Amino acid sequence: MSEFLLTQIINYGAPILGLIVFIGAIGAPLPGTLIVVAVGAFCRQGFLSWPITGLVAFICVVLGDGLSYSMGYYARESILRRFSASTQWTQAEKSFQNWGGMSVFLTRFLITGIAVPVNLLAGTGSFPFKRFMIYDVLGEAIWIFGYGGLGYLFGTQWEVVSDFISNFGGLMLGLVVLVAGFLLARRWLRPNSARTDDTT
Amino acid sequence: MTASRQRALIISLIIIGMVIVGFFGLRTLHAFREFRGHRPPPPFAPDAAQVETDVDLIRDWMTISYISRTYHVPSKILFDALGIPSRGNEEKSLAQLNEKYSPKTPGIIVEVVKATILANQPPLPPVTAIPPQP
């Protein structure tokens, strides 16, 4: 898949890149980070203009994030009907209000594997759209211009950078899952914790 | 959620997390070693210094036009060496060209392109020593 996309970017430039990052932002499993780093290298080689390409990619990815937030927002009614009575849902919503901004920011460029679920959660949990957008724009700016800049810096050796960033992102995702597991375990093992036997 | 399901969820999260951390941890370490071994080319080098010479960086997703521009070898030379017309093939990747013209010998197009570049790349300007500062 990534090879096919790279060929298309060489041939058609910024519009196809915009489409790729937009579709990726609404949930399609596309190798966005690899593409962004490669595009930085293509800009250095003079195949693409970096200000136009960067701007197109940035606008498209932010629009895609906004759309996936909206999908969560409009699915809210049916989700609330099912889960709103549960204490877990209330707790999750409360903790997202506290940590949501940082989650949105970090999942734009560091733990990109869970960016779309975070967008949907933000929309569903009524995380304020304005705040979502502020963190989203900051994070995506790092993703597009920071990672693209690394690709630009390394030129034809961009694969080394992309390989490192992709694997590091996977490592971060693993750590998030592990920490979530340990936090839940700590809560579950706490003597006074209510080991819920309810059927919510 | 029942207590047994909670326990199963926690154990699953920890096991999956450990597997992901182990897998990507090793890959990250390997990628970091590779990364450290590379130095980026000088950012504002003149055009001649930015000509790529390492043919091992050629991949089968690249097109002939892209390779021609990266390695400063005219695309006509590359198409002639491959014995295929340039018309209608400029936007095709090497993999697609291989599939179309040599489906029985996978990878042959990449190898021919590499050899053609090595034989036809213009010589790089000589490296001049920087004079010592007084």
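Two cavities of 30 Å³ or more were found in a search of the whole structure, which is a predicted model. The largest cavity has a volume of about 90 Å³. Both chains contribute to its wall. From chain A come Thr156(A), Trp158(A) and Glu159(A). From chain B come Glu52(B), Leu57(B), Arg59(B), Trp61(B), Met62(B), Tyr66(B), Thr70(B) and Tyr71(B). Two elements give two or more residues to this lining: helix 9 of chain A and helix 2 of chain B. Helix 2 of chain B provides the largest share, with three residues. By class, the lining of the largest cavity comprises six nonpolar, two polar and three charged residues.

The second largest cavity encloses about 50 Å³ of space. Its lining consists of Trp89(A), Ala92(A), Glu93(A), Phe96(A), Leu121(A) and Gly125(A). Helix 6 of chain A gives the most to this lining, supplying four residues. Four of the lining residues are nonpolar, one is polar and one is charged.

Two residues that line the largest cavity, Glu159(A) and Arg59(B), also take part in the contact between the chains. Their side chains meet in a salt bridge, with an N to O distance of 2.8 Å. The rule finds one salt bridge across the interface of chain B and chain A. Ten residue pairs are in polar contact across this interface, with both residues of each pair at pLDDT 80 or more.

On the side of chain B that touches chain A, helix 1 (3-36) and helix 2 (64-71) of chain B each supply at least two residues. The largest share of that side, 20 residues, comes from helix 1 of chain B. By class, the side of chain B facing this contact has 22 nonpolar, ten polar and nine charged residues. In total, the contact takes 41 residues from chain B and 42 residues from chain A. The two chains bury about 3,900 Å² between them. Carbon and sulfur atoms account for 65% of this buried area.

Chain A has nine helices and zero strands. From the N terminus on, its elements therefore read as an unbroken α series under the helix and strand assignment used here. The C-alpha atoms of chain A fill a box of roughly 60 × 30 × 25 Å along the principal axes.

Helices of chain A also contribute to the second largest pocket. This pocket has a volume of about 790 Å³. Its lining is made up of 41 residues. Those nearest the pocket centre are Leu30(A), Gly32(A), Thr33(A), Thr112(A) and Gly113(A). From chain A, at least two lining residues each are supplied by helix 2 (14-25), helix 3 (32-44), helix 4 (50-74), helix 6 (87-109), helix 7 (115-124), helix 8 (129-154) and helix 9 (158-189). Helix 1 of chain B likewise supplies at least two. Helix 9 of chain A provides the largest share of the pocket lining, eleven residues. The residues of this lining divide into 22 nonpolar, 13 polar and six charged.

Several elements recur in these regions. Helix 9 of chain A gives two or more residues to the lining of the largest cavity, and the largest share of the lining of the second largest pocket. Helix 6 of chain A serves both the second largest cavity and the second largest pocket. In chain B, helix 1 supplies residues to the side that touches chain A and to the pocket lining. Helix 2 of chain B supplies residues to that side and to the lining of the largest cavity.

Methods: Residues numbered from 1 in each chain as written. Chains lettered and ligands numbered in written order. Predicted model: local features only at pLDDT ≥ 70, side-chain atom pairs only at ≥ 80, totals over all residues. Heavy atoms only, no water. Contact = heavy atoms within 4.5 Å. Buried area = accessible area lost by both parts, 1.4 Å probe. Salt bridge = Lys/Arg side-chain N within 4 Å of Asp/Glu carboxyl O. Polar contact = N/O pair within 3.5 Å; in protein donor to acceptor, adjacent residues only side chain to side chain. Nonpolar A, V, L, I, M, F, W, Y, C, P; charged D, E, K, R; others polar. 1 Å grid on protein atoms, 1.4 Å probe; cavity = no way out; pocket = protein on both sides within 12 Å on 5 of 7 lines; lining within 4 Å. Points joined across faces, edges and corners; volume = space filled by probe spheres on them.
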